[in-house]
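Me: I would like to learn how to read the nonpolar core and the pockets of a model, taking the general idea before the case.

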Amino acid sequence: MRYAEPETVEEGVTLLASTEHSRCIAGGATLVAMMNAGHIAPAMLVSLHRMRELFTLTESADGLWLGAMMSHRVVAAETRLRGAMEVVRSAAGQLAHPSIRNMGTIGGSVCLADPSTEMPVALVAASARVEIAGPGGRRLVPVEDVLVDRFKTSLRHGEIVTRILIPRGVEGAVGHHLRFSRVSGDYPTVSLSLILAMQGDTCSHVRVVVGSCGPVPLHVAAADQRLIHTALGEEDVAAAGQLLAHAASPIDDVRGSAEYRRMLIPRLLGRALTQARELAHV
Ligand SMILES: Cc1cc2nc3c(=O)[nH]c(=O)nc-3n(C[C@H](O)[C@H](O)[C@H](O)COP(=O)(O)OP(=O)(O)OC[C@H]3O[C@@H](n4cnc5c(N)ncnc54)[C@H](O)[C@@H]3O)c2cc1C
């Protein structure tokens, strides 16, 4: 296996594109485990560690651009992720455990497209956009269009995710993430990210996304609509929760049965909305 540590994204793209069975390595949190288990054997590994632009955060009128190599730990400490954008910080601070938060990166989370992870859920809730560099230049793609299936993205051979735009979102909104796991630090049985804005006691905007309940993060526009212009009463939350549970396609696994996951969705939604409302009033 060949190994390279180029200093620019363009050099990295050239190396990746010119070698069959090449992979880039970010924190190595999952990639190294997959190689050790013999699941993959790349002919060439291109490290992203020396590409300075991938570690950079920039602010723009649209929102915050997070470099793909920012670790979950760094994202969790980023206080500029406020308001609706806080959903990303909230997820980064809760996911897995400290060693994974140190190793794992925001770009790696998107590229892995593991349906049991949480960062993709928060990014879909935030309506994030992903900048991708490839042999033909750079393009900006909504995160939903990158995550196409279980462990499958729309990235082409030779492409590198360079940064992710977190839009500022609706004025006055708050973002929040909630997970339910068997024990602290385990992958979640179900996770849920939401953006919420209230006008007095009435919900004026909401976007709810559920994780670990299908091949990609689940967003159901009808569930959001069921909550908007309501006071988020028990009946409203239960009805929206049922719409989400109905649309979900969870699997049975060691972390819970599909039926259990469907049952958890409305409960997690109720809890997340209560917590987000409290945050909105701080
Ligand atoms: C034991 C364990 C527990 C975990 N628990 C959770 C959890 O509870 N919740 C959660 O949300 N996540 C969890 N994760 C996932 C973790 O947060 C990381 O996001 C994930 O492992 C990716 O790690 P990484 O960024 O180091 O990428 P790597 O492991 O280095 O790479 C992963 C894949 O993405 C590709 N890749 C990486 N970066 C880029 C890029 N910029 N451009 C193009 N391709 C790229 C690589 O080629 C590789 O195919 C867990 C991971 C492990 C190993």
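What follows is a short dialogue on the core and the pocket.

Reply: This is a predicted model, in which local features need pLDDT of at least 70, side-chain atom pairs count only at pLDDT 80 or more, and totals for chains, interfaces and linings use all residues. Residues are numbered from 1 along each chain as its sequence is written, and side-chain values use heavy atoms, with hydrogens and water left out.

Me: Which residues of the largest nonpolar core touch the most other members?

Reply: In soluble globular proteins, nonpolar side chains tend to be buried together. A nonpolar core is a set of buried (under 20% relative accessible area, 1.4 Å probe, protein chains only) Ala, Val, Leu, Ile, Met, Phe, Trp, Tyr and Cys residues joined through side-chain atoms within 4.5 Å. Here the largest has 39 residues, and those touching the most other members are Leu-66, Val-88, Ile-106, Met-119, Leu-123, Ile-164 and Ile-166. Its largest share, six residues, comes from H7, a helix in the DSSP sense (H or I runs of at least four residues, numbered from the N terminus).

Me: Where does the largest pocket lie with respect to the two domains?

Reply: A pocket is an open set of points on a 1 Å grid over the protein atoms alone, where a 1.4 Å probe fits, with protein on both sides within 12 Å along at least five of seven lines; lining residues have an atom within 4 Å of a point. Domain 1 (2-167) and domain 2 (174-280), with bounds from an automatic or database assignment, both contribute to the lining, so the largest pocket lies between them. Of its 50 lining residues, Arg-23, Thr-30, Gly-108, Cys-111 and Leu-112 are the closest to its centre, and H6 gives the most to the lining, with five residues.

Technical notes:
Buried means under 20% relative accessible area, exposed over 50%, partly exposed in between (1.4 Å probe, protein chains only). Helices (H or I, at least four residues) and strands (E, at least two) are DSSP runs, numbered from the N terminus.
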